[in-house]
Amino acid sequence: MQQGEARPHDHGLPAALYVISGASFAAALSARALDPVLPHVAEDFGVSIATAAGFAAVFAFTFSIIQPIIGAAADLFGKTRLMIGCLALLGLANILGALSSSFSVLFATRILAGIGSGGVFPVALSLTSDLVGPDKRQVAISRTLAGAMTGNLLGASASGLIGDFLGWRGVLAVLGALVIVASIAVAAGFHGAKVKHPPKTSLSALKAGYRTIFTNPNAYVCYSAVFIEGCCVLGLFPYIASFLFELGQTSLSIAGIVIAGFAVGGLFYTATVSRLLPRLGVNGMMIAGMTLVASQLVAVAFGPRWEVQAFNLIVMGWGFYIAHGCLQVFASELSVEARATALSLHSFFFFMGQTVGPLAYGFGLQHAGKMPTLFASAGIMVVLGLACARLLKQRAPADARGGPDSP
């Protein structure tokens, strides 16, 4: 067994996973930071809530378009340094956003934040996949996800609370400072961690990696599926605060709590995945997860009290990660030599979905109404679960060469 590889039981996962999870946590703090306070951002700059939701779209778009570059850079120059540098950039972008004097300046800082965040999470997944073989990979990835979901949880809930006292500028300033401190802590953690550094690849090897990835039929299904997930699920989040405002619930703290419910559901997934997988199997998890998401989209469409919507988001998050975790494992098995590239492409399509999602929801809400729009998303998710279960098959990467990823 190679150094850094997982032991045969869950408790033997590499210690470096804790550092990787910490990096994911720090990056995720800012991902949903503006969602609970968007109504106040819109009011301050005199724009509509749909226009303010563009912050979520531009963050996701920037995150997505740099993924092919990030993946190649990670495979060429090393993953840990890239991750730490991007954390520092993310923290600085948040602080600059807090000081912005116009809508356009704040918009630009969200572009920088998207770049910073984009360099952390897919690289974290790639490092996790490098450290752990395919038999334990879904459990190991769930630990990395736990860091990201805890960051989402605290970022969304804390931003609502901070927003009530310090406004949206205070949200960005506080989270920016926390991310910079976290980048220093993660750098210190990696300094002492036993992370295996694979040989740096070359440009010709990267081209071969792209060919390997896209000769696998699973690539087209995985990337299409995560695009749809991002659009139908995460694209809804910028509008949750406005839904609550329509019900007369104008507290930003409450909006943050409701949105944070999604991350709570994700944490519940990390605690249950090792028991669900042997009982449901991969296909059963994808169908069950997507169906749970669909049911909660329908529930939210009816506009229940905020306490009920918080529960809806918890169940939605649980279902989402049950299915999404399976897609991440399939993506990690598209290539061995270009795994960072494969997972960066996974994030590219996922965040492109989150770019299109707020715009699509804005159009649907304006022209069709809340219930038809959310019902349509629910139907799409059910079909997606069935399609993934039918089309995704276990296939060894073409470049496995009899290594740990081969059957």
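Glu 307 comes out as partly exposed in this predicted model, its relative accessible area being 33%. The side chain of Glu 307 meets that of Arg 305 in a salt bridge, with 2.9 Å from N to O. Arg 305 itself is exposed, at a relative accessible area of 59%. Side chains of opposite charge can pair when their charged atoms come close. As for the count, the structure holds one salt bridge, and the pair just described fits the cut-off because its N to O distance of 2.9 Å falls within 4 Å.

Another charged side chain turns up against a ring. The charged end of Lys 370 sits over the ring of Phe 243, 4.3 Å from the ring centre.

Stepping back to the whole protein, the fold is built with 16 helices and zero strands. Of the 407 residues, 58% are buried. The accessible surface adds up to about 15500 Å², and carbon and sulfur atoms account for 68% of that. Contacts reach a long way along the chain: taking those between residues at least 6 apart in sequence, 85% join residues at least 24 apart.

Aromatic rings supply some worked examples of such links. The structure holds 16 aromatic pairs. In one of them, Phe 45 and Phe 103 meet edge-to-face, with 6.0 Å centre to centre and 80° between the planes. Phe 45 belongs to helix 2 (residues 38-45) and Phe 103 to helix 7 (residues 103-118), so this pair ties together parts that are 58 residues apart in sequence. Phe 45 also pairs with Trp 168, this time in a tilted arrangement with 5.7 Å centre to centre and 50° between the planes. Trp 168 lies in helix 9, so its pairing with Phe 45 in helix 2 ties together parts that are 123 residues apart in sequence. With a relative accessible area of 3%, Trp 168 counts as buried, because the cut-off for that label is under 20%. Elsewhere, ring pairs join Phe 237, Phe 262, Tyr 269, Phe 320, Tyr 321, Phe 350 and Phe 351 into a cluster.

Helix 9 spans residues 137-192, and it also holds Phe 165. Whereas Trp 168 is buried, Phe 165 is exposed, at 69% relative accessibility. Phe 165 has a partner from another part of the chain to note as well: its C-alpha atom and that of Ser 253 are separated by 9.8 Å, with their positions 88 residues apart along the chain. Val 174, likewise placed in helix 9, is partly exposed, with a relative accessible area of 31%. That value lets Val 174 into a surface patch, because patch residues need over 30% relative accessible area. The patch in question is nonpolar, covers about 520 Å², and is made by Leu 161, Phe 165, Leu 166, Val 174 and Leu 178.

Ser 377 offers a view of a buried position in another helix. Ser 377 is found in helix 16 (residues 370-391) and is buried, at 8% relative accessibility. Once its neighbours within four places in sequence are set aside, Ser 377 is in contact with Cys 232, Leu 297 and Tyr 361.

Notes:
Residues are numbered from 1 along each chain as its sequence is written. This is a predicted model: local features need pLDDT of at least 70, side-chain atom pairs count only at pLDDT 80 or more; totals for chains, interfaces and linings use all residues. Side-chain values use heavy atoms; hydrogens and water are left out. Patches are made of residues with over 30% relative accessible area and no salt bridge: like charges are joined within 9 Å, nonpolar side chains (Val, Leu, Ile, Met, Phe, Trp, Tyr) within 5 Å. Accessible areas come from the Shrake-Rupley method with a 1.4 Å probe; for residues, only the protein chains shown count as cover. Helices (H or I, at least four residues) and strands (E, at least two) are DSSP runs, numbered from the N terminus. Buried means under 20% relative accessible area, exposed over 50%, partly exposed in between (1.4 Å probe, protein chains only). Rings of Phe, Tyr and Trp (its six-membered ring) pair if their centres lie within 6.5 Å; planes under 30 degrees apart count as stacked, over 60 as edge-to-face and the rest as tilted. A charge sits over a ring if NZ of Lys or CZ of Arg is within 6 Å of the ring centre and within 35 degrees of the ring normal. Contact means heavy atoms within 4.5 Å.
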